[in-house]
Amino acid sequence: MKPAPFEYHRAADVDDAVAALRQADDGKAIAGGQSLIALMNLRLARPELLVDLNPLHDLDYVEPRADGGMAIGAMTRQRSLEWSALVAERCPVMAEALPLVAHAAIRNRGTIGGSLAHADSGSELCSVALATDALLRVHGPDGDREIPASEFFLGTFTTALAEDEILTEIIIPGAAPRTGSAYAEVSRRRGDFALAGVGCVVSLNDDETVRQARIACISVGSSALRARHAEDSLTGSRLGEAAIRQAASLVSEDIDPAGDLHASAAFRQHLAKTLTRQVLRTAAGRVR
Ligand code: FAD
């Protein structure tokens, strides 16, 4: 099937993209097109105007920040991030998740900004943004604002972005000393969306107790989500097998998976719990 007719605007800069979106009744930014074009071909999306962000080369970068973190331009391709030495060094949980995003051909075009703005509940990069406590910088008619990842994903394919705002930058804060992370998922075939996936970032105090734990899950709710009950149960406890098992048992408090052709809700519950145990054990080993 082919898309419904639409107008096309090649953005000159971010302000021009915002102005074009503002003027249209139903405009959409297009980045890598790997999700949007599929939806348009299926006529599940029928924007009257596409605003092409691909000319905005100044949104394609990965830069170190003084706090040990990174700033990533929204138009950076997933494949560039996968190959980035800076990402591997400063955000290992992202480096671990990236090869699991779709297939290499899709990652060649797909952007980090597109993944986050699309907000598929099965998006690995959305869970990485949550697990790393990323800040998302967006640009709109009134200028820039920053949205914490924890407030960005609102539900099924829904984010805090206004219709005339563009996601421009993803800020990954530097990790505290004694931090470990891990990402794992289960999918039917390599490259498929995950049946469930979990990423975690855990920081320990000098006495080995957990200072902070962030656990983010995919494919078990309407969007990527934090397993807050599990996180809270870990804070202050020693990151041993008992605490890990207790935390994993609490993941069910925050997730609400749907059953479908690929997996039942109960199986996704089981996967989320098992994967949480797995990533917490791995992260604990990596801190030490
Ligand atoms: P586009 O498709 O161009 O845009 C997606 C949406 O985001 C649109 O609504 C668009 O308006 C909006 N948007 C894009 N950029 C911006 C911006 N800077 N500011 C504001 N709005 C913006 N993804 C996964 O995470 N995991 C998978 O396992 C996975 N498997 C896939 C398998 C297949 C077969 C396919 C086709 C896709 C798969 N994807 C998967 C999706 C893929 O990762 C996409 O690249 C990604 O979701 C969207 O990125 P994009 O740059 O292509 O965005």
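What radius of gyration would a compact globule with 288 residues have, and what does the protein chain have? I began there, keeping in mind that this is a predicted model. A compact globule of 288 residues would have a radius of gyration near 19 Å, and I found 19 Å for the protein chain, which agrees.

Next I looked up the overall dimensions, and along the principal axes the C-alpha atoms of the protein chain fill a box of roughly 60 × 45 × 30 Å. I then turned to burial and noted that 52% of the 288 residues count as buried. For the accessible surface of the protein chain I have about 13,000 Å², with 49% of that area belonging to carbon and sulfur atoms.

I also checked how contacts are spread along the sequence: among contacts with a separation of 6 or more, 62% come from residues 24 or more positions apart.

For secondary structure, I recorded twelve helices and 14 strands in the protein chain. I followed one open sheet of five strands, whose order is S4-S5-S10-S6-S7 and whose pairing is antiparallel. Its edge strands are S4, residues 62–64, and S7, residues 143–148, each of which pairs on one side only. On average, neighbouring strands of this sheet are turned by 25° against each other, with direction ignored. As a general reminder to myself, strands of a sheet pair through backbone hydrogen bonds, either parallel or antiparallel.

Last, I looked at how S4 joins its neighbour: S4 pairs with S5, residues 70–73, in the antiparallel sense over three bridges. Within S5, I noted Met70 as the bridge partner of Pro64.

Methods
Residues are numbered from 1 along each chain as its sequence is written. This is a predicted model: local features need pLDDT of at least 70, side-chain atom pairs count only at pLDDT 80 or more; totals for chains, interfaces and linings use all residues. Side-chain values use heavy atoms; hydrogens and water are left out. Two strands pair if DSSP finds at least two bridges between them. Helices (H or I, at least four residues) and strands (E, at least two) are DSSP runs, numbered from the N terminus. Axes are lines fitted to C-alpha atoms, for helices over the stretch in contact, and angles run from 0 to 180 degrees between N-to-C directions. The radius of gyration is taken over C-alpha atoms; the globule rule is 2.2 Å times the number of residues to the power 0.38. Buried means under 20% relative accessible area, exposed over 50%, partly exposed in between (1.4 Å probe, protein chains only). Contact means heavy atoms within 4.5 Å. Accessible areas come from the Shrake-Rupley method with a 1.4 Å probe; for residues, only the protein chains shown count as cover.
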